Amino acid sequence: MNEVKHGRFWTVFFALLCVAYLFPIALVVVNSFKGKVYIASEPFALPNAETFVGLDNYVRGIELSGFLEAFVWSLVITVGATALILLGTSMTAWWIVRVNNGFAKSLLGAFLLNLVVPFQMVMFTLAWVTDRLGLSNPFGLWVIYLGFGAGLAVFIFTGFVKGIPIELDEAALIDGCGPVRTFFQVILPVMKPSLITVAILEVMWLWNDYLLPYLSMDIKKYKTIPIAVQYLKGGYGSVDMGAMMGVLVLAMIPVVAFYLLSQKHIIKGVVAGAVKG
Amino acid sequence: MRRSLIRWGWLFAGPTTLAFMIGFVVPFGLGIYLSFTKFTTVTRSTWVGVDNYVRLIGDQTFLHSLWYTSAFALVTSVIINVAAFAVAYMLVKAIRGSNLFRSVFFMPNLIGGIVLGYIWLLLLNGILAYWTRSITYSETYGFWGMVMLVCWQQIGYMMVIYIAGLQSIPEDILEAARVDGATGRQALFQVVIPLVMPAITVCTFLTLTSGFKMFDQNLALTNGAPSRLSELLALNIFNTFYGRPGFEGVGQAKAVIFLLIVAAIAFVQNRFASSRETAQ
């Protein structure tokens, strides 16, 4: 399906569609430079000499929402939990597939059940368990995310490990490797494509997750970016639209940077995750 | 090999299983138990049998959010899939700028639901202001506002999956159809669509499930206003837990019903996928 009629027409058509697609984001960026009273009254006007406020909204937004701290905690949670999930679930998946006895099979079944369960089912009790175990902080959330997010990762990894010939494991064993060296030096490098897939899916989920940290973490001390944004809305009688616009733009910058840097992997990861999930 | 590995279970499967107990198994079990009790905290609960389930049948906001969410999931699923397929179908052809267009359409997926909600709040309220209304004017406004937001967000995601599906169709099959004199439309409906059926199934279920689970966008865009009429299921459950003292048990029972709905969708998908495998 290579040739296309009216190629130029379609290029123009999609170019216009892209402009329309980016419009909501552009609108927020434009408004982030306007005084707060002008945002609600004339959202579609460009800033002019009277309405332009420079970076005021950004400064106020960072102060009111505690954005910088939230950024750090989002980063700590996302990076730490993703690393822990990758390590923990890849090891578990390999063990499950290779051992494949009754226990391993029922363990896999439990992980698959986790895939189906919506967060609302456990939100109240999970917050209680987290609190009881003293895990209501960003580092404790690493453990919680490993637990609640294990399903998808184990599912993708077991699917992948099943495709690795067992002769590879056996060859390593004959060469005198124990299970630990076999896994880390032989199996894990082979699993690289699935590791990238899972990493992408987890990062997209963890970075944007609102409800789990909101309920399970002590949010007086720790906020993530989505919590900081929501806090800006909830904390005051009337929303400071200027500060809100500034924070929305700031919240999008890391995401767009991440996208530009690793777009290829992201799209591959999404496709691989969907085919299997 | 196998037997020696069993002994290493504590190292390979142990830590994840322990976290899984903490983060899922225990809260899940407690959640099911608590749905049959009246409770204010996990430790202060009294068994009331199916009382919570009886009470939720009489809960108007719940019944309303149930059909509101079903309609939302259905409508978004249809629009997203048709649009995503159409865009993917055009973009796999040699159109100048295809890669750039693809990147732009996918981008909103990386932005979180809360941020997306406030972006669209500005846009939609800005437009509606011309008629001196806002997104919380009625449940219909909120409904279509959320539909637009979610379409904008997810069309790119499904498009990427459809593109992969379309690109995996062997060129010679399409060539054969052309040689046999199939028109463009015949080739589309009788060759291309049947061949990308797996992608269509996956995408349909992905959009249906995410429609049912939608929370962040709902919270940011309408927060259920006016008078809880634009509450999707997840937000309705949240508000029952944290907004109505004495209704925690009912909230937990609602969550169990919610689970059953989502599980039923997953079950049907599974049947679909495996029946296709045996057919081939």
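## A buried glutamate in chain B

Let's start with a side-chain pairing: B:Glu231 and B:Asn236 make a polar contact through their side chains, at 2.8 Å. The side chain of B:Glu231 also makes a polar contact with that of B:Arg228, again listed at 2.8 Å. Both contacts come from a predicted model.

As for its place in the chain, B:Glu231 sits in the loop that runs between helix H12 (216-221) and helix H13 (233-243) of chain B. Its relative accessibility is 1%, under the 20% cut-off, so B:Glu231 counts as buried. Leaving out residues up to four places away in sequence, the residues that B:Glu231 touches are B:Ser65, B:Tyr68, B:Asn218, B:Gly224, B:Asn236 and B:Asn239. B:Asn236 therefore turns up twice in this picture, as a polar partner of B:Glu231 and in the list of residues touched, with B:Glu231 itself counted as buried.

## Cysteines without disulfides

How many disulfides are there over all chains? The count comes to 0. A:Cys18 shows why for its own case: the closest cysteine sulfur, in B:Cys151, is 17 Å from the sulfur of A:Cys18, which is too far for a bond, given a cut-off of 2.5 Å.

Are A:Cys18 and A:Cys177 buried or exposed? A:Cys18 is buried, with a relative accessible area of 7%, and A:Cys177 is buried as well, at 12%.

## Confidence

Now for the predictor's own scores. The complex receives an ipTM of 0.91 and a pTM of 0.92. For chain B, the average pLDDT is 91, and 98% of the residues score at least 70. Where pLDDT is low, the predicted coordinates should not be read in detail.

Note on methods:
Residues numbered from 1 in each chain as written. Chains lettered and ligands numbered in written order. Predicted model: local features only at pLDDT ≥ 70, side-chain atom pairs only at ≥ 80, totals over all residues. Heavy atoms only, no water. pLDDT = per-residue confidence, 0-100. Helix = DSSP H or I, 4+ residues; strand = E, 2+ residues; numbered from the N terminus. Buried < 20%, exposed > 50% of the residue type's maximum accessible area, 1.4 Å probe, protein only. Polar contact = N/O pair within 3.5 Å; in protein donor to acceptor, adjacent residues only side chain to side chain. Contact = heavy atoms within 4.5 Å.
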